[in-house]
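Open the model in your viewer and keep the sequence panel alongside. The stops below say what to select and what to look for.

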Amino acid sequence: MHYLCSRTTITLLCCTKNTQLSIFNSNPLAAQITTNDDDPNDSGGPAALIDDNPSTFIHSRWGTDEYHDPVYGCYLDIDMKEEVSTIAFDFIARDHPNTAGAPDIVDLYYYDDNDQLVKFATITDMGSQFPTRLSKGSFGPVSAPVAFSKLRLAITHSKGGSLLERNGTNRYWNASAFTLYGW
Ligand SMILES: [Ca+2]
């Protein structure tokens, strides 16, 4: 399924809560975002996604350090600290002429009451929204059948290819900014 909408559309669709989630208004709370795949030498980590600085970025391990989870690829776990049932989000591509690391396919999971992951959506063809450096892509809104407060955003494919295996082709993902909306 392919979701696309502008921020204006998101605002119109939000009847009760259209605010940017509060964790993204305060960089010290970046600890609420964690990842399984963060290059030790070439990544600003999750904090770089919400620092309002386009030159900083998150970058998964690459080259000889390349690693990808066979199910979740490279993921972001986000503790939103409040319950939502619908989310929308933006990514901004890294400030680099090579946009192969931009996200292309993302599986969305929520953590249920037993802390088990439940997949509720897949967003595809995201890569077309990142033609050049610092391109901004907007995705959603996407709804889950229940309210939840912990989200996993699993990037299973970047513009460069599948992130579900380590196959020596140096596939990776990166981004300079991420904004999450929920209601
Ligand atoms: Ca940044």
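Among contacts between residues at least 6 apart in sequence, what share joins residues at least 24 apart? In this chain that share is 72%.

**Whole chain**

Start with everything selected. This is a predicted model. Colour by secondary structure: the chain has one helix and nine strands. Along the sequence they follow the pattern α-β-β-β-β-β-β-β-β-β. Of the 183 residues in the chain, 38% are buried.

**Confidence**

Now colour by pLDDT. The mean for the chain is 84. A value of 70 or more is reached by 82% of the residues. Select residues 1-18, where pLDDT stays under 50. The model has 25 contacts beyond four places in sequence for this stretch. Next take residues 25-29, where pLDDT again stays under 50. Here the model has five contacts beyond four places in sequence.

**The nonpolar core**

Move to the largest nonpolar core, a set of 41 residues. Select Leu49, Leu153, Ile155, Ala175 and Phe178, the residues with the most contacts inside this core. Then show strands E3 (74-92), E4, E6 (136-158) and E9 (177-182), the elements that give two or more residues to the core. E3 supplies the largest share, ten residues. In soluble globular proteins, nonpolar side chains tend to be buried together.

Stay on Leu49 and look beyond four places in sequence. Which residues does Leu49 touch there? They are Ile33, Ile58, Ala175, Ala177 and Phe178. Two of these contacts, Ala175 and Phe178, are also on the list of residues with the most contacts inside the core.

**The E4-E5 hairpin**

Select strand E4 (residues 103-111) and strand E5 (residues 117-123). The two run antiparallel and are joined by six bridges. For one pairing, pick Leu108: its bridge partner in E5 is Ala121. Then go to the turn, where five residues lie between the strands. Asp115 takes a positive phi there, near 65°.

**Last stop: Thr122**

Thr122 lies in strand E5. Measure from its C-alpha to the C-alpha of Ile105: the model gives 7.1 Å. In sequence the two are 17 residues apart.

Why does Thr122 count as partly exposed? Thr122 has 15 C-beta neighbours inside 10 Å. A buried residue needs 20 or more and an exposed one has 12 or fewer, so Thr122 falls in between.

Key. Residues numbered from 1 in each chain as written. Predicted model: local features only at pLDDT ≥ 70, side-chain atom pairs only at ≥ 80, totals over all residues. Pairing = 2+ DSSP bridges. Helix = DSSP H or I, 4+ residues; strand = E, 2+ residues; numbered from the N terminus. Contact = placed C-beta atoms within 7 Å. pLDDT = per-residue confidence, 0-100. Core = buried A, V, L, I, M, F, W, Y, C linked by C-beta atoms within 7 Å.
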